[in-house]
Amino acid sequence: MIDAILAAAPRFFSLGTAEFLFGALIRTLWMTVIGCGLGFMLGMGIAVLRRSRLRALAPARFIAMLAVETFRRLPFLVILILVLFATQILAPGLSLLGIATVAITLAATAYLSEIIRAGLDSVPRQQVEGAEALNFSAGQTLFLVVLPQSWRVILPPAAAFMVMFVKDTSLASYLGVVELTFAGKILVNRGYPPSLGFGAVLLLYFALSWPLGRLARRLETRLAPSRHP
């Protein structure tokens, strides 16, 4: 095996292979950041909607609850396939990368909305009632009273979820998206030893996940003491 690695090394460590792996890394990062970023914003909207008490919004709350509970219980691979078939009807020109990003957004929205809702619920009810007694509007209560206190509960698990999803993006390779895992398969199919192809992929996953993991731990360490004043 060592002889095979040494023989393939000069061809493997080339500019062409580096550009190929860098492109796969960017696609993996794109799916994670855009999918989870959109999921966070949509999850925030759903969490706020589900906490509202307006009777006129009851149908919207029910639909949001149904969507969240459905997508939280579906394996990510199933969501990918469902989005693939749905886009054949709704947006037939959407690229495979776009389809995978939409699927990640749906899954992230479902999970992150529950994380955000738990954070919003962590603020004592008396503080919300106090804001209402001071004639704060719903928006003022949310942005001036609830959100500043709930970030400490929301951010650490949300960052941890994003780190976890970096690895789950490998399932997008089933659609044909050339992300890191699929790039490793292609390199092996080109004749490179698996220890070189997937070894490079392993290092790139680590390079992508490690800073995010450090950020999640930093947030948790920095915010955790204030959970117990």
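Ala, Val, Leu, Ile, Met, Phe, Trp, Tyr, Cys and Pro count here as nonpolar, Asp, Glu, Lys and Arg as charged, and the others, Gly among them, as polar. This is a predicted model: local features need pLDDT of at least 70, side-chain atom pairs count only at pLDDT 80 or more, and totals for chains, interfaces and linings use all residues. Residues are numbered from 1 along each chain as its sequence is written, and side-chain values use heavy atoms, with hydrogens and water left out.

**Record and fold**

UniProt places "domain: ABC transmembrane type-1" (unreviewed entry) at residues 25-213. Such annotations may be inferred rather than shown by experiment. That stretch is 81% helix and 0% strand, and its end C-alpha atoms are 17 Å apart. Helices (H or I, at least four residues) and strands (E, at least two) are DSSP runs, numbered from the N terminus. The UniProt annotation "transmembrane region" (unreviewed entry) covers residues 20-49, 70-87, 93-112 and 195-213. Two of these spans are set out below.

| Span | Helix | Strand | End C-alpha atoms apart |
|---|---|---|---|
| Residues 93-112 | 85% | 0% | 29 Å |
| Residues 195-213 | 100% | 0% | 25 Å |

**Helix 7**

Helix 7 (138-168) has 31 residues. Its end C-alpha atoms are only 37 Å apart, short of the 45 Å that a straight helix would reach at 1.5 Å a residue. That expected span is 1.5 Å times one less than the number of residues. Helix 7 bends by about 50° at Leu-147, and Pro-148 follows within four residues. The bend is the angle between axes fitted to the seven residues ending at a residue and the seven starting there.

**Two pockets**

A pocket is an open set of points on a 1 Å grid over the protein atoms alone, where a 1.4 Å probe fits, with protein on both sides within 12 Å along at least five of seven lines; lining residues have an atom within 4 Å of a point. Volume is the space filled by probe spheres set on the points.

The largest pocket holds about 390 Å³. Its lining has 16 residues, with Arg-51, Ser-52, Glu-132, Ala-138 and Thr-141 nearest the centre. Helix 7 gives the most, five residues. By class, this lining has eight nonpolar, four polar and four charged residues.

The second largest pocket holds about 190 Å³. Of its 13 lining residues, Phe-40, Leu-155, Ala-158, Ala-159 and Met-162 are closest to the centre. Helix 2, helix 7 and helix 9 (194-223) each give two or more. Helix 7 supplies the largest share, five residues. The lining divides into 12 nonpolar, one polar and no charged residues.

**Salt bridges**

A salt bridge is a side-chain nitrogen of Lys or Arg within 4 Å of a carboxyl oxygen of Asp or Glu. The count comes to eight. In one, Arg-50 meets Glu-114 at 2.9 Å, N to O. Arg-50 lies in helix 2 and Glu-114 in helix 5 (residues 96-121), so the pair ties together parts 64 residues apart in sequence.
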